[in-house]
Amino acid sequence: MDECTKRLLQRLIRRIPTQMLRTTLEKWGRLTAAQQRSVDFTQPKLMLTEKLLTMCAESGWTVKHITELEMIYVIDNPNLGMWYALQLMDPEEDAQAVELTQFKEQFKSHLGELVRHVSVKIKKHTDDAVWIRIAWGDSFSRPNHLKPTYVVHHLQTPYVFVTSLTSKQKPLLSQAMVLSTRHQAIKNANLSGRKLTAIRNLLMKQYQQVFPTNYSSPLAEKNQTVSNLHIEREQAESAAHRLQMACEAFGGGKLPQLQSAVYKLETKFRDHTNKTMTEQEEPFRCVVKFASTNLLESLRHCASSGIASTPVTPLLSSIPLKGRNYFVITDNSPGPSQTRQPQK
């Protein structure tokens, strides 16, 4: 067992919670029945790690085998890092005909032409998502498996989700994705979050959308929270209207768990009592961030309960409508304008 395999396995076992380790190893399928029986999962993590390192040496496991185990864990637990959404642009005529085998061959080939040393593993998940693990190297160094990039793409859709991607690696990944999916370009979708499922559902509109209607009572009947508030009879119509407007803006039922929305302000300072700031030619710049464990749910509640006014301002309703959570506000446009998503 080489040093790279040892370090990768040690780091991975430390990441996997003990209560999940048995299930993850079973899905991996590399342990024999005798090896599985010999592992005591009640032991401290340090002793478990040493036991698995011994098995690794005895079984001849390589980096390839350990990366398989890592992918199983990451696919089952996708909310461990910050995900950024990209959008493919201008599909070619045969873009819809690209199937998995063709995509895998093309992606590995194109990325291999751009990067001399790179390791790519591609796995199709049960929900038809294609998961890609990329360990990057360069002309002089071998792939670094300790800092891989993960990419998730549903074939025949324009959306790509990435995590742990540096600004240096982004052009390389973008070019390989564009060529292998038969598109002309790729851009930032200005959407990010720690819950991959949430940002995917938001972009693909995979949540209950509510459309304008003249009849708000069905929504009011469905929402038990409103009915349980015992709103006085004369306020019932107003409450039902607020609920309708809130659901039209943010959706009904269970909403994607988006954690934040960022608004970058580049506007003129307007305050007649402060001439020093008002007369400056340079725009006033600041950043406003809304954060919550479930931002869309919080905003919907604020609007339906009367804490926020209705109809909902486009600055907030644009989050689900446009599938974005990063905006720039300028004096030249009344609403959010598209901008380049900041990289971390």
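Two strands are taken as paired if DSSP finds at least two bridges between them. In this predicted model, strand S3 (residues 129-136) and strand S4 (residues 149-154) meet that criterion, pairing in the antiparallel sense over six bridges. One contributing pair can be named: Ala129 has His154 of S4 as its bridge partner.

S3 also pairs with strand S2 (residues 118-124). Seven bridges join the two, and the strands run antiparallel. Here Val120 has Ile134 of S3 as its bridge partner. S2 and S3 form a hairpin with four residues between the strands. Within this hairpin, Asp128 adopts a positive phi near 75°.

The surroundings of S3 were examined next. Buried denotes under 20% relative accessible area. Eight of the eight residues of S3 are buried, so the strand is largely enclosed by the rest of the structure. Burial holds for both faces. Ala129, Trp131, Arg133 and Ala135 point one way, while Val130, Ile132, Ile134 and Trp136 point the other way.

A further sheet involves strands later in the chain. This open sheet has three strands in the order S8-S7-S9, with mixed pairing. Strand S8 (284-291) and strand S9 (326-330) are the edge strands, each pairing on one side only. From one strand to the next, the twist averages 15°. Strand S7 (residues 260-267) pairs with S8 in the antiparallel sense, over eight bridges. Leu265 has Cys286 of S8 as its bridge partner. Helix H14 (residues 314-322) packs on the sheet and touches S7, S8 and S9. The direction of H14 makes about 130° with that of S7.

Terms used. Residues are numbered from 1 along each chain as its sequence is written. This is a predicted model: local features need pLDDT of at least 70, side-chain atom pairs count only at pLDDT 80 or more; totals for chains, interfaces and linings use all residues. Side-chain values use heavy atoms; hydrogens and water are left out. Buried means under 20% relative accessible area, exposed over 50%, partly exposed in between (1.4 Å probe, protein chains only). Axes are lines fitted to C-alpha atoms, for helices over the stretch in contact, and angles run from 0 to 180 degrees between N-to-C directions. Contact means heavy atoms within 4.5 Å.
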